[in-house]
Amino acid sequence: MKKIIIQIILIIIVLGFIIAGITYLINKNNKKNELDAKYEELKNESVMYDESANIEELKEEYNMEGDSELYEIQTEYDGRKVLTVKASENYKVAFAGLIKKAKPTLDEASQIFEEQYPTQNGIWIEPESREKILNYLNSELKSKYEIDENGYIKIAEYQKTNNDEILKNIIEGEKQYIIGISGITYYIDPLTGEIFDNPYEEFDSNQTYSYFTDENKMIIYIPENKDNYLDNNEIFESIIKLIEL
């Protein structure tokens, strides 16, 4: 009789656990359904999930103040619409800052880009950086290099090594690379539409470059490395890996 009572008690305990588990799962599922319903309701009410949302509506939604011409609409994985600064606009500002050696205005960036941006493929070196970069190439690589009247790196005498071969392929390739020495980059802040500077070398003395891209074009900022935190070969190798990607 005692055994039967114990068995009944154990059965009741097990049943209690099962019922509690089922109740928990039901409540959890109901809560999830409620959250999903609220999420769908928010999506339906929010401009950011509206397929027909335009830049002006999204600017108001995200409290962004920049000129509408700076932005483009992108869609996140969940269908949410977001505004980002066009790569071409940031690229233009990055080039203008590299040439001016100071923060440009948007109008200045457009003017500098229109008047001074090189048009050929290959590797173009910013004027004030040419001597230093050319000296490095001719002292560390086997081939002999020169910079032509338009600012592009050319091979004067070719000797095949791994790095010389990589550089040759880049020089003769279908992409364009702009390279200059500066520890400060310039970009458009997405919220305000204003141009900010980023003293990346000051923030991280071990950073070997900073770059901007637009389609098949790339601007690469090389740190000044005044305190010799970095080895020049380390900088060169990291840039070669970046360009090879």
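Which strands does helix 3 (residues 87–100) lie across? The close-ups below take that up, along with a few other spots in this predicted model.

**View 1. The whole chain, before we zoom in.** The protein chain has eight helices and 10 strands. Out of its 245 residues, 37% are buried. If you take the contacts with a separation of 6 or more, 53% of them link residues that sit 24 or more positions apart. The accessible surface adds up to about 15400 Å², and carbon and sulfur atoms own 51% of that.

**View 2. An open sheet of four strands.** Follow the strands across and you get the order 3-6-10-9, with mixed pairing. Strand 3 (122–125) and strand 9 (210–214) are the edges, so to speak: each of these pairs on one side only. On average, neighbouring strands here are turned by 20 degrees against each other, ignoring direction. Strands of a sheet pair through backbone hydrogen bonds, and they can do that parallel or antiparallel. Strand 3 and strand 6 (residues 176–181) run parallel, joined by four bridges. Look for W124, which stands opposite I178 in strand 6.

**View 3. Two helices lying across the sheet strands.** Back to our opening question: helix 3 lies across strand 3, strand 6, strand 9 and strand 10 (217–222). Helix 3 runs at about 40 degrees to strand 10. Helix 8 (residues 232–244) lies across strand 6, strand 9 and strand 10, and its angle to strand 10 is about 165 degrees.

**View 4. The largest pocket.** This pocket holds about 360 Å³ of space. It is lined by 21 residues, and the closest to its centre are I133, Y136, I222, I235 and F236. Which elements give two or more residues to the lining? They are strand 3, helix 5 (130–140), helix 6 (162–171), strand 6 and helix 8. Helix 8 chips in the most, with six residues.

**View 5. A hairpin made by strand 1 and strand 2.** Strand 1 (residues 71–75) and strand 2 run antiparallel, with five bridges joining them. One pair to spot is Y71, standing opposite V85 in strand 2. Five residues lie between the two strands of this hairpin, and G79 in the turn has a positive phi of about 90 degrees. Why is strand 2 (residues 81–85) described as largely enclosed by the rest of the structure? Because four of its five residues are buried.

Conventions: Residues are numbered from 1 along each chain as its sequence is written. This is a predicted model: local features need pLDDT of at least 70, side-chain atom pairs count only at pLDDT 80 or more; totals for chains, interfaces and linings use all residues. Side-chain values use heavy atoms; hydrogens and water are left out. Two strands pair if DSSP finds at least two bridges between them. Axes are lines fitted to C-alpha atoms, for helices over the stretch in contact, and angles run from 0 to 180 degrees between N-to-C directions. Contact means heavy atoms within 4.5 Å. Buried means under 20% relative accessible area, exposed over 50%, partly exposed in between (1.4 Å probe, protein chains only). Accessible areas come from the Shrake-Rupley method with a 1.4 Å probe; for residues, only the protein chains shown count as cover. On a 1 Å grid over the protein atoms alone, a cavity is a set of points where a 1.4 Å probe fits but cannot get out, and a pocket is an open set with protein on both sides within 12 Å along at least five of seven lines; lining residues have an atom within 4 Å of a point. Grid points are joined across faces, edges and corners, and a volume is the space filled by probe spheres set on the points.
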